[in-house]
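Colleague: Hi! Could you walk me through this one before I get going?

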Amino acid sequence: QVVWDNGLVLLRIDVERLCGFRPAQIFHMMDQEPQGGSVSRKKWNRFFSAVEEGFLATSMKDTAKAKGTLHQRAVNKSEHLLSVYRERRKTHGPAKSRRKGSSLS
C-alpha cells in the first residue's frame, strides 16, 4: 500500500477529489483478501476490468445517494458552520473589538 500511496502523491493525483474515495479505500477494494498490504497483478487487473465495466461508477452513484455528492457535503458543512457561528453570536453577542495596544489578559 505504501507504493500505491507514494505513486498517487508523486503523480499528484487527488483520488478522493476525482472519485470520492480515499486512496486507502480504493486499495482495499483491490485487495479484498488482504495479504500483507500487497495487490497481485491478477487482483489489479480484475479490479480495473471491473472499473472499466462501470463497477466504480455504480458504487460512486450508490455512495452519492447515501451520503450526497462531494459538493453537497461541502455545502452542508458550510451551512452547518455558519449556523453554529450565528448561534454563538446570539448567545455571546458580537465580538468586541479591542483597542490597539490593549492587553489580552
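Colleague: Let's start with helix 3: which of its residues are buried?

Modeller: Happy to help, and keep in mind that this is a predicted model. In helix 3, which covers residues 23-30, the buried ones are Ile-26, Phe-27, Met-29 and Met-30. They span an arc of only 155° around the axis, so they sit on the same side of helix 3.

Colleague: Tell me about Ile-26. Why does it count as buried?

Modeller: Its relative accessibility is 5%, and the cut-off for buried is under 20%, so Ile-26 counts as buried.

Colleague: And what is Ile-26 in contact with, leaving aside neighbours within four places in sequence?

Modeller: With that restriction, Ile-26 is in contact with Trp-4, Val-15, Cys-19, Phe-21 and Phe-47. If you want a backbone distance as well, the C-alpha atoms of Ile-26 and Glu-16 are separated by 9.5 Å, and these two residues are 10 apart along the chain.

Colleague: Nice. Switching to aromatics: how many aromatic pairs does a search of the whole structure find?

Modeller: The search finds three aromatic pairs. One of them is Trp-4 with Trp-44, an edge-to-face pair at 6.0 Å centre to centre, with 80° between the planes. This pair links distant parts of the chain, since Trp-4 is in helix 1 (residues 2-10) and Trp-44 is in helix 4 (residues 41-52), 40 residues apart.

Colleague: Are those two tryptophans, Trp-4 and Trp-44, buried or exposed?

Modeller: Trp-4 counts as buried because its relative accessibility is 15%. Trp-44 has 37%, so it counts as partly exposed. Another aromatic pair is Phe-47 with Phe-48, again edge-to-face, at 4.9 Å centre to centre and 85° between the planes.

Colleague: What about burial for Phe-47 and Phe-48?

Modeller: Phe-47 counts as buried, with a relative accessibility of 6%. Phe-48 is partly exposed, with a relative accessible area of 29%.

Colleague: Which residues form the aromatic cluster?

Modeller: Trp-4, Trp-44, Phe-47 and Phe-48 form one cluster.

Colleague: OK, new topic, charges. How many salt bridges does a search of the whole structure find?

Modeller: One. It pairs Asp-31 with Lys-43, and the closest N and O atoms are 2.9 Å apart. Here too the pair links distant parts of the chain: Asp-31 is in the loop between helix 3 and helix 4, while Lys-43 is in helix 4, 12 residues apart.

Colleague: Are Asp-31 and Lys-43 buried or exposed?

Modeller: Both are buried. For Lys-43, the relative accessible area is 13%.

Colleague: What else is Lys-43 in contact with, again leaving aside neighbours within four places in sequence?

Modeller: Besides Asp-31, Lys-43 is in contact with Met-30 and Glu-33.

Colleague: Last one, then. How do helix 3 and helix 4 cross?

Modeller: Their axes come within 9 Å and cross at roughly 110°. That makes helix 3 roughly perpendicular to helix 4. On the helix 3 side, the contact is made by Ile-26, Met-29 and Met-30, and on the helix 4 side by Lys-43, Trp-44, Phe-47 and Phe-48.

Colleague: So some of our earlier residues come back there. Which ones from helix 4 are in the aromatic cluster?

Modeller: Trp-44, Phe-47 and Phe-48 of helix 4 help make the contact with helix 3, and they belong to the aromatic cluster together with Trp-4. The salt-bridge residue Lys-43 is part of that helix contact too.

Technical notes
Residues numbered from 1 in each chain as written. Predicted model: local features only at pLDDT ≥ 70, side-chain atom pairs only at ≥ 80, totals over all residues. Heavy atoms only, no water. Buried < 20%, exposed > 50% of the residue type's maximum accessible area, 1.4 Å probe, protein only. Helix = DSSP H or I, 4+ residues; strand = E, 2+ residues; numbered from the N terminus. Arc of directions from axis to C-beta. Contact = heavy atoms within 4.5 Å. Phe/Tyr/Trp six-rings, centres within 6.5 Å; stacked < 30°, edge-to-face > 60°. Salt bridge = Lys/Arg side-chain N within 4 Å of Asp/Glu carboxyl O. Axes fitted to C-alpha atoms, helices over the stretch in contact; angles between N-to-C directions. Parallel < 35°, antiparallel > 145°, perpendicular 65-115°, else oblique.
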